[in-house]
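User: Please show me the model. I would like to work through its strands and cores with you.

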Amino acid sequence: MIGGRTICAHDISLIRDLVTQHVGASRSALARRLCEGWQWRSPNGRWKERAALGLLRELDRRGWIVLPAAFPTPLCGPFVRVDRAFEGEAEPTPVSGHPSDYRPLRWELVRSTPQRREWQRLLEAHHYLGAPRSAGATLKYLVYGRGGQLLGVLGWQSAVPHLGARDRLLGWTAAQRARGLEHVVNNTRFLVPSWVRVPHLASVLLSEGVSRLRADWWEQYRVAVWRLESFVDRQRFSGASYRAANWVSLGWTRGFAKRQGRFVHHGQNKEVYVDVLEPRWRQWVHADPLQPLLSSSFLLTQRLSQNTPTLLRRRRMKTIQESWQPKLPPTLKLQAQDLACVAPELAQFTGQFGDAFGRIELTDLCALYVQGLLSDTARKNAEAIALNLDGPGRGRGLQRFLSEYAWDEEWLRQKPWELCAQALADEQGVWSVDASEFPKKGDDSVGVAHPYCGALGKTANCQSGGFVCYRSPRGHALLDARLYRPEGWFDDAHAQRRRQCRVPGAIGFQTKPQLASHLLEELWRSGRFPGRWITCDASFGNNEEFLASLPVGSLYLAEIPCTRKVWLAAAAGHPRWESEGGTVDQLVGDPGLLEWQSRKLAEGEKGPIVAGFARVRVLVRADRRAGSERWLFLRNNPDGQIK
């Protein structure tokens, strides 16, 4: 028996033939054809496509059939900005008073396309989870007061197939679950808009909503509703409105969600609330009149005597003082009151980026990750940070935060620019473009190769990237970065690795100068950071294509290698340098060509640090083409090294 239906060898053979005959069809299309072939319908006459899809997935898992690849879906849903009004939307009129002032309530069952758009628009703008994906049987409501005021938005949907609190309460078998699950309905969304401030309205909507739901569910699907369920995020809500409407808390979820036919642990425990509309349900499930009635008093006795899971949002920032042991410069003297400020300041800092994630859970994971980067954790990966700061239960959640959860990446890039511009923008600002390598163990990370690693001073396994920084008299900051992917990563031999690392197919090979040029152009175009000078090292300064791509109106100071060949624009008494040219090393060694001047760089412990400087007008092309003329600056350091 699979999914409540007895499957024989003949059925499996028919399903194999179905999959073979419809090569290229999606899993949903195969489920629909299976329902049509078996005439597999629900009591209301609709095809049981959801059950058929579950059956196909189970047969595929057991290796009896081979299904086409499933389309990838985001693990935390589409990105949603919370409490953000749509452009051009008028500010809603505040609603206050007593529930009796708005009765009788007008309940609109969402049927038409304009109603569906309004229902989804309200949830996307004002619910912290946004609008849900519809799966299975669903009913949606818009609730208005007698004067036409919008008071609430509700959504109901087929229940999740596996729930520990429900299975413990009923004690049913898999076959009994398959037959009885259609009588369970889940409250997927419940929104009272922020401008509605009517005491006790939430519990009133829940109470009236249950009566409407039972009638409409029967009319729509010809199935009686025996039990209602809802999951309450206790980091955000107390659940008081459910308790006031006579719902009962049965326990907590274990933090799992079903994705692509498998259960994935996300670590966000929620409280399970239920409203049993048919007390005899357990008797009917077991066909035993001696089974207890599911009364409110019985439900209260079934709640597990367990401790409430720690509300991590309230705990995490407090732990930083216990876990963070920074290595302070010996001259820096900190008092106890200075350290006491660290946690609230860090919480305030990370809180500025919450809108990039939409959900409070992801904002908390962001705060945990930033705290881990600042801590003395030896290895700065997700698993090590979670184990060191928050226990093993958060490891999977932090890994998925970095690799799977949806971020508003563009907003998250723009926000730090805005903050940096407020703190650093100055007419004397200078841009710095650079590339850097950082050691990386293993071969599974994106862009890993075996080049020369400057951080280690040798050839080693590492990743590399391009970086753009900004410095002014007010301070300095790293503004943007992009991971470099070696050219070998884009050949056919690396196709499987690209898929495993989820490298988008539209991304092609770019050199480090091309990466840096793209980053700099976007920042320059934003207009947030004044300053015309751009600096870079020899890996960029020796690349004429990169220098030519710099923004119009900019000035640059670019390092070049001493082996670079140049020609003097004018060299009285040295005609060879105008016609044949030579390397910078040869230019320095030719007496009488350069006029050196000494300048103080800084005050050192043993007196002033002085270096020699010289400049000369040169050409970088033998054909003396227009635009190839440059100033060549040279610096002779105190140790004799010439830059």
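User: Which residue in S17 does Val-430 stand opposite?

Analyst: This is a predicted model, where local features need pLDDT of at least 70, side-chain atom pairs count only at pLDDT 80 or more, and totals for chains, interfaces and linings use all residues. Residues are numbered from 1 along each chain as its sequence is written, and side-chain values use heavy atoms, leaving out hydrogens and water. Strands are DSSP runs of E, at least two residues, and helices are runs of H or I, at least four, numbered from the N terminus. The residue opposite Val-430 is Trp-533.

User: How many bridges join S12 to S17?

Analyst: Strands pair if DSSP finds at least two bridges between them. S12 spans residues 430-439 and runs parallel to S17. The bridges joining them number four.

User: Which residue in S18 stands opposite Ile-534?

Analyst: S17 also pairs with S18 (residues 555-558), in the parallel sense. Opposite Ile-534 stands Tyr-556.

User: Which residues form the covered face of S17?

Analyst: S17 covers residues 533-536. Its uncovered face has Trp-533 and Thr-535. The covered face has Ile-534 and Cys-536.

User: Which helix gives the largest share of the largest nonpolar core?

Analyst: A nonpolar core is a set of buried Ala, Val, Leu, Ile, Met, Phe, Trp, Tyr and Cys residues joined through side-chain atoms within 4.5 Å. Buried means under 20% relative accessible area (1.4 Å probe, protein chains only), exposed over 50%, partly exposed in between. This core has 44 residues, and Leu-105, Trp-156, Trp-217 and Leu-228 touch the most other members. Eight residues, the largest share, come from H7.
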